[in-house]
Amino acid sequence: MIRDSQPPKKHPEEADPKGLRIERIAFDEIHPAFLDTLDETSVPTVTGVKKLVYLFLAALCFVLGALGVALPVLPTTPFLLLTSYFLIRTSPRLNRALLRSPILGQVLKDWQQDGGIRLSVKIQAISIVIAVILATLIFTPLSMTFKVVLVVLASIGILVIVRLPRLN
């Protein structure tokens with residue numbers, strides 16, 4: 001469910017034959033109060049043991065996502081999306097803090113609001129993967145088998161990044 005963060009703009013040219021209008025939602029500037037595509041009041045909050053399990057899973061996914069920033073074979077975005085999923089159900093305040101993060105917040109907002117990743121983020125991710133893999137291959141005395149496995153895993157990671165929907 002997407003909330004309107006901006007007042008709807010009138011576009012008379014966007015009417016269908018039945019007279020129904022299609023309104024655009026501007027995502028260029030996000031209203032400060034609009035920090036998540038989920039309406040926090042409509043998401044059921046968990047309690048008791050389930051809350052503890054969700055908080056543990058949120059922490060685990062966050063750590064794995066943070067490790068994925070440095071490790072090219074571990075994806076970052078899916079783990080951060082899972083972190084947000086668990087936090088919105090246990091602690092909306094922590095979820096808002098995650099979305100306000102200057103490093104991770106914009107990527108999560110782009111994915112949740114528009115279902116894609118910016119081209120600049122894709123280029124950065126692929127560049128980091130290539131740089132880390134090249135440095136590992138050049139500067140570490142790994143066996144050839146391990147180097148081949150590393151290159152195959154990195155190639156799969158790059159393929160996943162390339163196939164993610166891109167934002168215009």
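**Helix ends, cores and a patch**

Modeller: Right after α4 comes G115, with a positive phi near 70°. This is a predicted model, where local features need pLDDT of at least 70, side-chain atom pairs count only at pLDDT 80 or more, and totals for chains, interfaces and linings use all residues. Residues are numbered from 1 along each chain as its sequence is written, and side-chain values use heavy atoms, leaving out hydrogens and water.

Biologist: What makes α4 a helix?

Modeller: Helices are DSSP runs of H or I with at least four residues, strands are E runs of at least two, and both are numbered from the N terminus. α4 covers residues 105–114.

Biologist: Why is L153 called partly exposed?

Modeller: Buried means under 20% relative accessible area, exposed means over 50%, and partly exposed is in between (1.4 Å probe, protein chains only). L153 has 41%, so partly exposed fits. L153 sits in helix α6, residues 144–163.

Biologist: What makes the largest nonpolar core a core?

Modeller: A nonpolar core is a set of buried Ala, Val, Leu, Ile, Met, Phe, Trp, Tyr and Cys residues joined through side-chain atoms within 4.5 Å. The largest has 12 residues, including V46, F79, L98 and L108. α1 (48–70), α2 (77–90) and α3 (92–100) each supply at least two of its residues, and α2 gives the most, with 4.

Biologist: Which residues of α4 are buried?

Modeller: G105, V107, L108, K109, D110 and Q113. Their cover includes α2, α3, β1 (117–118), α5 (119–139) and β2 (166–167).

Technical notes
Contact = heavy atoms within 4.5 Å.
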